Amino acid sequence: MATSEADALRIVDAVEREGVMLAVCHVMRYTEYTRAFRRLIEDGRIGAPVSVQHLEPVGWWHHAHSYVRGNWRRADESGPMLMTKSCHDVDWLIHLMGEVPARVSSFGRLSHFRPEERPEGAADRCVDCAVEPRCSYSATRLYLSCLGDPGRERWPLGAVTDDRTEAGVLRALREGPYGRCVYACDNDVVDHQVVNMEFPSGATGVFTMTAFSAAAPRQTRVFGTAGSLEGDGVRITVRDFVTGATEVVEPGAVPPEGASDGRHDHDDDALADAFVAALAAGDPAPLHSGPRESLASHRVVWAAERARLDGAVVDLGTQSPPAKGTVHP
């Protein structure tokens, strides 16, 4: 929404004052998978939810592309990693649990993509580097391997160059930001972070973001008093504590071949459909990510980042979004 809580609140006040239809692109709220996950909880299939674990495996090459060499590498130019990448996850957990955390803490840092971790003999650019063939974060290997694959030529290669030839890719790596050594960039955002949440109901949650994984769908486990749920973005496994039986629910279609990252293309379509339906009917009911809901989850992200920087537990007060015209510190 904005890079500060005060500016986000000004947006909300303005659209409410003028009667403007607004939805924030928290696309994960809009899928069949999300609806099914919420319905299983609301129907009491696992009793009362008491804890949730959620993992965002960003992927080693994706993190290097976007958060070390790319546009979201610096907090002062875009925002902290928790906002620019993982605000979706925090928002989704709030949507799933049906309440906004009352207290948060957080830990994380930039551990690996630092000059101190640079291998001996590494050059400033991968195309000139003797270490490149055995480096996990070789830009040469990553971007040349995209050639011939329409999906990967669109992304991530599309951010690097419009010239879909080997010579064009190598020229971009020699001259542009995406050819830089990951240990010799100006990045400062974290490469791993956890956020701990306590909800007003007493339920607890933990969210983990890590660069050090395969680029894979998000993974979620919800533990209840009578059962548990485990989801991978496509299917949900339900375990019943009384019978010991498991059921697999598959509400979401597998992403189409060639999808840009295989993780949220359907979400984008569902959000666009909901927004058009809301405009056509003049009714915001189809929008699950309106201004107040999104402001509330943004506030949790800002609070968690303050908790990380200050080494503190931040109290967000009640689970209600701030009243109109009020900015919380």
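In this predicted model, strand β7 (residues 236–240) is joined to β8 by 4 bridges, and the two strands run antiparallel. Within this pairing, Arg 239 has Thr 246 of β8 standing opposite.

These two strands belong to a wider arrangement. An open sheet is formed by 9 strands with mixed pairing, and their order is β8-β7-β6-β5-β1-β4-β3-β2-β9. The edges of the sheet are occupied by β8 (246–249) and β9 (314–315), each of which pairs on one side only.

Helices also pack on this sheet. Helix α5 touches the strands β1 (49–57), β3 (192–198), β4 (204–210) and β5 (219–224), and the direction of α5 makes about 155 degrees with that of β1. Helix α10 packs on the sheet as well, where it touches β2 (103–109), β3 and β9; the direction of α10 makes about 60 degrees with that of β2. Strand β3 is thus touched by α5 and by α10.

The two helices may next be considered as a pair. In general, two packed helices are described by the angle between their axes and the distance between the axes. For α5 (residues 87–97) and α10 (residues 291–310), the axes come within 9 Å and cross at roughly 115 degrees. The crossing in which α5 passes α10 is right-handed.

Which residues make the contact? From α5 come Cys 87, Val 90, Asp 91 and Ile 94, while α10 supplies Glu 293, Ser 297, Val 300 and Val 301. By character, the residues in this contact of α5 with α10 comprise 5 nonpolar, 1 polar and 2 charged.

Terms used: Residues are numbered from 1 along each chain as its sequence is written. This is a predicted model: local features need pLDDT of at least 70, side-chain atom pairs count only at pLDDT 80 or more; totals for chains, interfaces and linings use all residues. Side-chain values use heavy atoms; hydrogens and water are left out. Axes are lines fitted to C-alpha atoms, for helices over the stretch in contact, and angles run from 0 to 180 degrees between N-to-C directions. A crossing is left-handed if the near helix is turned anticlockwise from the far one by less than a right angle, and right-handed if clockwise. Contact means heavy atoms within 4.5 Å. Ala, Val, Leu, Ile, Met, Phe, Trp, Tyr, Cys and Pro count as nonpolar, Asp, Glu, Lys and Arg as charged, and the others, Gly among them, as polar. Two strands pair if DSSP finds at least two bridges between them.
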